[in-house]
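The following exercises are to be worked through with the sequence and the model at hand. Each task is followed by a stepwise solution.

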Amino acid sequence: MSVAENRAPTFRKPQVSVRLHRQRDHISIAVDGGLDLASAPQLDECLERAVRGDGTVELDLSRVDFVDCAGWRPITAAASSLEEDGRSLRIVALSPAAARLVELIGEQPGIELVPSGLPLD
């Protein structure tokens with residue numbers, strides 16, 4: 001048996017970039033990469049900052065290449081907090097991966113899909 005066969009498999013952490021931009025009347029967040037259990041805390045931190053701000057929070061998921069339920073959890077938590085304050089979370093763009101999860105889980109309270117956020121056929 002070779003040395004390479006004896007090694008435990010290595011797994012790459014999904015890389016994610018989360019950018020927050022404060023606009024006059026809303027906060028815009030763009031996510032690029034994979035959202036799962038390992039990367040969700042980064043999105044959660046950014047969404048928590050947005051929830052503490054003012055106005056609507058807009059989320060661009062057009063560059064998300066993977067998302068699972070653990071990666072989606074910060075989005076539902078932020079939507080719930082915003083809804084309690086009479087504010088909303090708008091998803092303004094979806095990648096095919098994000099659109100698939102939205103399709104599977106269905107409509108979520110406090111999350112608004114604006115027309116441009118709807119997946120294209």
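**Exercise 1: Two packed helices**

Helix 2 (residues 40–52) and helix 3 pack with their axes 8 Å apart, at an angle of about 10 degrees. The model is a predicted one, in which local features need pLDDT of at least 70 and side-chain atom pairs count only at pLDDT 80 or more, while totals for chains, interfaces and linings use all residues. Residues are numbered from 1 along each chain as its sequence is written, and side-chain values use heavy atoms, with hydrogens and water left out.

Task: Classify the packing of helix 2 and helix 3, and describe the character of the contact.

Solution.
- Step 1. Axes are lines fitted to C-alpha atoms, for helices over the stretch in contact, and angles run from 0 to 180 degrees between N-to-C directions.
- Step 2. Angles under 35 degrees count as roughly parallel, over 145 as roughly antiparallel, 65 to 115 as roughly perpendicular and the rest as oblique. Helix 2 is therefore roughly parallel to helix 3.
- Step 3. On the side of helix 2, the contact (heavy atoms within 4.5 Å) is formed by A40, L43, D44, L47 and V51; their partners in helix 3 are A70, G71, P74, I75, A78, S81 and L82.
- Step 4. These residues comprise nine nonpolar, two polar and one charged. Here Ala, Val, Leu, Ile, Met, Phe, Trp, Tyr, Cys and Pro count as nonpolar, Asp, Glu, Lys and Arg as charged, and the others, Gly among them, as polar.

**Exercise 2: The two faces of helix 4**

Task: Determine which residues of helix 4 are buried and which elements they pack against.

Solution.
- Step 1. Buried means under 20% relative accessible area, exposed over 50%, and partly exposed in between (1.4 Å probe, protein chains only).
- Step 2. In helix 4 (residues 96–105), A98, A99, L101 and V102 are buried. Because they cover an arc of only 160 degrees around the axis, they lie on the same side of helix 4.
- Step 3. The face turned away from this buried side carries the exposed residues P96, E103 and L104.
- Step 4. The buried residues pack against strand 3 (56–67), helix 3 (69–84), strand 4 (89–94) and strand 5 (111–113).
- Step 5. Just after helix 4, G106 takes a positive phi of about 80 degrees.

**Exercise 3: A residue of strand 3**

Task: Is T56 buried or exposed, and which residues does T56 touch?

Solution.
- Step 1. T56 lies in strand 3.
- Step 2. T56 counts as buried because its relative accessibility is 16%.
- Step 3. Not counting residues up to four places away in sequence, T56 touches D25, H26, I27, S88 and R90.

Technical notes:
Helices (H or I, at least four residues) and strands (E, at least two) are DSSP runs, numbered from the N terminus. The arc is that of the directions from the helix axis to the C-beta atoms.
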